[in-house]
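User: Can you walk me through this one? I'd like to ask a few things as we go.
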Amino acid sequence: MSIPKDLRYSKDHEWLRVDGENAYIGITEFAQGELGDIVFVEIETAGETLEANAVFGTVEAVKTVSSLYMPVAGEILEVNPALADSPELVNQDPYNEGWMIRIRMTDPAQSAALLDADAYGALIGA
Amino acid sequence: MKHVVLNDTHIALGAKMVEFAGYNMPVSYAGLNKEHLAVRNNAGIFDVSHMGEFLVEGPHALELIQKVTSNDASKLSDGQVQYSCLPNETGGIVDDLLVYRKNAETFFLVVNASNIDKDWAHISKYNESIGARMTNLSEGMSLFAVQGPNAAQILQPLTDIDLASMKYYTFAEGTFAGVPDVLVSNTGYTGAGGFEIYMPNAQALHIWNAILEAGKAYGLELCGLGARDTLRLEKAFCLYGHEIDDTTNPIEAGLGWITKFTKDFNGRAFAEKLKNEGVQNKLVGFELTERGIPRQGYEIADASGNIIGRVTSGTQSPSLGKAIGLGYVKTEFAAPDTAIFIRIREKDIAAKVVKTPFL
């Protein structure tokens, strides 16, 4: 189970890659495995500013549908355009090609309150 | 939670397990899409030992089956299988099932795992005045489905039953992987062709391993209930608890073809009335023309936003690469190409009624 050390994690199985005051957000390898084959990523919140824990979109697998939550507050700058035609990227490469949104963090200090790789690993029993 | 005999085997083989109908069952192994496509194009094996099996025997066996089922079991010959359903007393469906005729006085019924106790009680109630001999074999039997175009080639070396000549919805008993009296039928729930193999629990692991060994050269895929569901949905086969339940009528559900008024049966009056007077709602297939995935329970709307029905099953079809579903709509919206809308997270997503099966 891959849990990169340089990312921060939410208890809802999103990851956050901090890039200055911006950050990339996606779901973890554990999360994509639990969902199974992902067939549709619906994110219609581009341009909106959302609070931490707000729903920013929905991920549909063949068998299940699951909400996506903001690990920290921020303005959604961009949705990964590749997911429109290739949602399976989330299964194949959840931490890189399968990223979901890029945000401008409202308060970059919020990211420090998220789990580190060890704590997230403990959460999922990895 | 109940466990099938091969529970630990599935876990060791890497299955993701979920509770289904009170059993801990494999929902997937390598991934649903891969399993699904393997069955369509090659072959896959499913452990469906959670299914229930009843034996009905004696001089009154046929009389009991005719009383409780909607299809006409008197048309069966030895070695034939019939799809049927158990209508209830209020116009709904207790369960759908397969009826196997072993001989004129011996019938084998295969029912849904979630309904074993309910079916047993229902049939027993009608048997009080008829007096057939009933045996519930469910706890002691295992069932594997080997499905796909290469199923016969994989299984033939294991058995003296001639699989190539076995017709759809027929069965035979023979030696299988050295085990005598194994029942093999040309049936399944995938629409991909293949066989279902019934055996005592004590022989299940031996037979499972023999099939996996025989399947190695062909790339036989381990499959879970997730792929079983998407495979049946592409063929628009009803699933109890989705398209049919205690409140849906066989006529509305498109099961008129297994509702035979050539005989008397429990629930006949309801079905006959609907058949003669026409139904208000019909089960239809649909595909989405905008992005989205339909799910059971979602509302179906017309162009003005009026609710005209509900989704009973939906998925992204692995074979077709588009979102498909089944649902009940008011009869005036049931014709193919009718524009309908699936309400997904408070938005009406465009769809159109299509002919089934989808594939």
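User: Which class is most of the lining of the second largest pocket: what are its nonpolar, polar and charged counts?

Analyst: This is a predicted model, where local features need pLDDT of at least 70, side-chain atom pairs count only at pLDDT 80 or more, and totals for chains, interfaces and linings use all residues. Residues are numbered from 1 along each chain as its sequence is written, chains are lettered from A and ligands numbered from 1 in the order written, and side-chain values use heavy atoms, leaving out hydrogens and water. Ala, Val, Leu, Ile, Met, Phe, Trp, Tyr, Cys and Pro count as nonpolar, Asp, Glu, Lys and Arg as charged, and the others, Gly among them, as polar. On that basis the lining has three charged, three polar and seven nonpolar residues.

User: How many residues of chain B are in contact with chain A?

Analyst: Contact means heavy atoms within 4.5 Å. Chain A brings 18 residues to this, and the number from chain B is 17.

User: What classes do those chain B residues fall into?

Analyst: On the side of chain B that touches chain A, three residues are nonpolar. The rest are seven polar and seven charged.

User: How many salt bridges cross the interface of chain B and chain A?

Analyst: Look for a side-chain nitrogen of Lys or Arg within 4 Å of a carboxyl oxygen of Asp or Glu. Glu42(A) and Lys347(B) make a salt bridge, at 3.4 Å from N to O. Across the interface, the rule finds seven.
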